[in-house]
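Visitor: Take me in for a close look at the core, please. Once we've been there, walk me outward from it, and tell me how far to trust what I see.

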Number of protein chains: 2
Amino acid sequence: MSRKRKPARPGAPANLTMADLAKLAGVSKITVSRALSDSPLVNQETRERIQDLAREQGYKLNVSARNLRLRRSHTVAVIVEMKPSNDRTMFDPYPLMLLGGISQELTAAGYSVLLTTRQGASAAAVQAADGMILLGQGVRQDAVRRFDKLGLPMVVWGAQGDHDDHVVVGSDNRQGGRAVAAHFIGLGRRNPVFVGNPGHPEIFERLSGFVDALAEHGVKPLLIRRDEFTLASGMDAVQSLAARHVSFDALFACSDLLAMGAVRALEELGRRVPRDVSVVGYDDMPLAASFQPPLSSVRQDWQEGGSLLARKMLAMIRDEAAQSEVLPVNLIVRAT
Amino acid sequence: MSRKRKPARPGAPANLTMADLAKLAGVSKITVSRALSDSPLVNQETRERIQDLAREQGYKLNVSARNLRLRRSHTVAVIVEMKPSNDRTMFDPYPLMLLGGISQELTAAGYSVLLTTRQGASAAAVQAADGMILLGQGVRQDAVRRFDKLGLPMVVWGAQGDHDDHVVVGSDNRQGGRAVAAHFIGLGRRNPVFVGNPGHPEIFERLSGFVDALAEHGVKPLLIRRDEFTLASGMDAVQSLAARHVSFDALFACSDLLAMGAVRALEELGRRVPRDVSVVGYDDMPLAASFQPPLSSVRQDWQEGGSLLARKMLAMIRDEAAQSEVLPVNLIVRAT
DNA sequence: GCAGCAAATGATATCGATATCAAGATATCG
DNA sequence: CGATATCTTGATATCGATATCATTTGCTGC
């Protein structure tokens with residue numbers, strides 16, 4: 001067949017193949033292949049000559065061909081859970097923060113990040129990935145199992161307990177809860193409240209650490225269940241406490257927005273923060289530091305979390321053993 | 001060669017190929033290929049038989065092989081700019097909001113999203129993509145040109161002006177500015193201030209629409225340049241205005257955090273919002289609505305923006321003409 | 001001078017899918 | 001009944017890279 005390779009688009013140059021380079025250089029294509037991958041099997045001089053030629057001809061490797069031959073894709077699928085409530089943005093912001101670390105680490109190792117939602121995860125490209133990283137609060141056992149059937153290396157972000165048979169990376173939510181408890185106890189608080197949704201595994205851990213550490217001092221917190229992570233929901237929580245005439249002197253909210261709402265509502269009720277009530281949030285979002293009053297909060301290291309997820313993934317791909325791991329968190333004490 | 005195909009991992013099942021299915025079904029592999037792609041060329045009965053067989057055997061298509069044969073990857077690279085300041089999170093939150101729409105739209109069309117940073121964009125996998133979507137505030141002409149050399153279809157998110165020879169999708173920042181101007185004029189404000197960094201193309205557009213619309217009423221705003229998008233920076237802007245004894249009765253900040261900081265600083269200075277000064281922010285972040293007082297803001301539709309980027313991309317991949325397009329924004333008037 | 005070895009290169013098969021062209025089977029028509 | 005059209009299936013080549021095994025050349029040592 002003598003027909004010219006047709007470019008993908010009219011403007012684009014027809015792609016050179018290794019065979020073309022080989023002809024130009026007067027060698028065989030396998031030599032080109034070796035030269036371009038810096039193999040010591042080819043003479044250094046030849047190697048450089050071919051590399052220069054490739055550069056000046058604008059040669060681009062055909063990744064599909066290489067992947068086919070090598071039976072791997074050098075790609076990791078990152079599967080993000082959609083929030084149940086679809087009306088707002090598709091993504092939760094926090095799982096996405098992990099993407100930074102993931103992307104950096106994988107890119108450095110020569111891997112690419114294929115981003116999908118749970119819905120899209122059945123797509124062919126995901127099955128072609130060398131591994132999967134699952135992100136997002138709602139990662140439940142059943143979903144995980146479904147993905148596990150794909151038979152790919154898999155790492156999950158989240159709370160430990162639920163997924164015993166998988167590699168899980170997550171912040172030490174339990175430690176976060178304990179740290180806040182210690183902080184409250186240190187301040188002499190005896191009637192703390194926890195605001196959040198313990199149905200969520202990670203938040204359950206926070207609560208659980210909080211409760212355990214308090215129990216060591218004979219203190220038992222009150223749980224106010226709130227499912228939303230909004231400022232309004234935080235205000236509402238405090239208002240409902242007030243309406244029930246509950247007395248409390250400390251409040252631990254499982255998100256900064258909840259905490260901020262709580263602070264606002266407390267102010268409206270004429271209660272001073274932190275004089276009357278100590279408040280601690282979670283996540284230490286950028287706004288927390290410049291909130292008035294500056295909000296105390298538990299900080300998770302998303303960047304490091306993402307890196308760690310990626311490193312576990314790479315280890316599994318290389319058939320090395322990988323253990324679940326928990327990342328320390330920091331209680332940042334500010335004005336509240 | 002009679003050696004068994006070795007599975008990627010010990011636990012994983014060896015992958016079936018079309019040839020294996022063909023043998024099982026007693027047909028040729030091309031028939032399997034046709035059956036699985038619902039080709040009308042094969043007898044309906046045969047087709048269903050093969051599809052059932054594939055399902056029950058857990059057959060998975062080898063995407064690399066298909067991509068190689070078809071000379072396309074069904075993948076779109078999304079290239080996110082890193083913030084110059086690397087110390088915090090890698091990503092700006094806002095470009096990421098576009099990912100929702102992009103991902104939904106592309107997934108629905110059978111494409112995957114390959115996420116990279118500018119640094120990682122030279123990786124082989126990006127070159128294998130069928131197209132590129134560039135996101136991020138700092139998308140400058142030189143960077144764009146560099147990517148353009150890859151010869152792939154490309155769509156850029158951002159301000160129009162700068163990139164005449166590319167398909168650009170973005171919010172109508174100019175309209176946003178005009179809308180705020182009209183709002184201020186309607187309230188009888190005559191001494192407005194703009195806070196932001198007009199060195200950024202999108203913000204320049206906001207300022208420019210703002211200035212133009214005000215000029216029609218003989219009003220000329222004061223520009224306070226602030227590069228950061230933080231609450232502290234917004235407070236600082238107002239404080240510096242106060243220190244210079246500038247009188248103003250309206251403030252348009254190019255981000256919600258700046259606007260919130262401004263409101264706080266105004267309160268501290270004893271000036272009432274909105275009685276003494278009207279304030280409008282930009283982006284309408286979730287917090288804006290529950291801010292005290294609820295913040296007026298200009299809302300961009302990120303979801304739709306992402307969808308549109310993706311649709312343009314798909315059109316270009318199909319060799320259809322694609323035009324730059326500008327999305328309307330909405331001024332949400334609340335208490336400020 | 002020749003066995004033996006290392007260095008450099010190449011011929012061929014292969015990864016798993018699909019396009020092309022050919023061909024057998026069946027149906028339709030005059 | 002033979003010719004033509006239609007339906008269904010298959011043999012083969014191909015996409016572009018790399019692994020394997022073979023081959024050539026030059027060199028060392030005895």
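Guide: A nonpolar core here is a set of buried Ala, Val, Leu, Ile, Met, Phe, Trp, Tyr and Cys residues joined through side-chain atoms within 4.5 Å. Buried means under 20% relative accessible area, exposed over 50%, and partly exposed in between, with a 1.4 Å probe and protein chains only. You're looking at a predicted model, where local features need pLDDT of at least 70, side-chain atom pairs count only at 80 or more, and totals for chains, interfaces and linings use all residues. Residues count from 1 along each chain as written, chains are lettered from A and ligands numbered from 1 in written order, and side-chain values use heavy atoms, without hydrogens or water.

So, the core. The largest one has 90 residues, and those with the most contacts inside it are Leu251(A), Met260(A) and Val279(A), along with Leu251(B), Met260(B) and Val279(B). Let's zoom in on Val279(A). Once you set aside neighbours within four places in sequence, Val279(A) is in contact (heavy atoms within 4.5 Å) with Leu251(A), Ala259(A), Val263(A), Leu266(A), Val273(A), Leu295(A), Ser296(A) and Thr336(A). Another core, of 53 residues, lies apart from that one; among its members are Leu99(A), Leu106(A), Ile133(A) and Leu308(B).

Step back to chain A as a whole. Chain A has 336 residues, of which 52% count as buried, and there are 13 helices and twelve strands in it. Helices are DSSP runs (H or I, at least four residues) and so are strands (E, at least two), numbered from the N terminus. Among contacts in chain A with a separation of 6 or more, 69% join residues 24 or more positions apart.

How far can you trust it? The pLDDT, the predictor's confidence in each residue from 0 to 100, averages 86 over chain A, with 90% of the residues scoring at least 70. Within chain A, strand S8 (residues 250–253) has the highest confidence at 97, and helix H7 (residues 141–148) the lowest, at a mean of 77. Over residues 1–12 of chain A the score is below 50, and beyond near neighbours in sequence that stretch makes 17 contacts in the model. Residues 84–91 of chain A are also below 50, and have 16 such contacts.

Now over to chain B for a couple of loops. Asp283(B) sits in the loop between strand S9 (278–282) and helix H12 (286–290) of chain B. Asp283(B) is classed as buried because its relative accessible area is 10%. Its C-alpha atom is 5.5 Å from that of Val298(B), 15 residues away along the chain. Beyond neighbours within four places, Asp283(B) touches Tyr94(B), Asp256(B), Ser297(B), Val298(B), Arg299(B), Gln300(B) and Trp302(B). The other loop to visit lies between H2 and helix H3 (44–57) of chain B, and holds Ser39(B). Its relative accessibility is 11%, so Ser39(B) counts as buried too. Leaving out neighbours within four places, Ser39(B) is in contact with Arg34(B) and Arg47(B).

Last stop, the DNA. A residue is near a strand if one of its heavy atoms lies within 4 Å of it. There are 30 residues around DNA strand C, and Thr31(A), Met18(B), Ser33(B), Tyr59(B) and Arg69(B) come nearest. Of the strand C atoms within 4 Å of the protein, 63% belong to sugar or phosphate and the rest to bases. On the phosphate side, a backbone N or O atom of Met18(B) lies 2.5 Å from a phosphate oxygen of strand C. On the base side, a side-chain N or O atom of Lys29(B) is 3.2 Å from a base nitrogen of strand C, and one of Arg69(B) is 2.5 Å from a base oxygen. Helices H2 (29–36) and H4 (63–70) of chain A and helices H2 (29–36) and H4 (63–70) of chain B each give two or more residues to this surface, with the largest share, five residues, coming from H4(B).

DNA strand D has 29 residues around it, the closest being Met18(A), Ser33(A), Tyr59(A), Arg69(A) and Thr31(B). Here 64% of the strand D atoms within 4 Å of the protein are sugar or phosphate. A side-chain N or O atom of Arg69(A) is 2.4 Å from a base oxygen of strand D. Phosphate oxygens of strand D lie 3.0 Å from a polar backbone atom of Asn43(B) and 3.1 Å from a side-chain N or O atom of Arg71(B). H4(A) gives the most to the surface near strand D, with five residues.

Methods
Polar contact = N/O pair within 3.5 Å; in protein donor to acceptor, adjacent residues only side chain to side chain.
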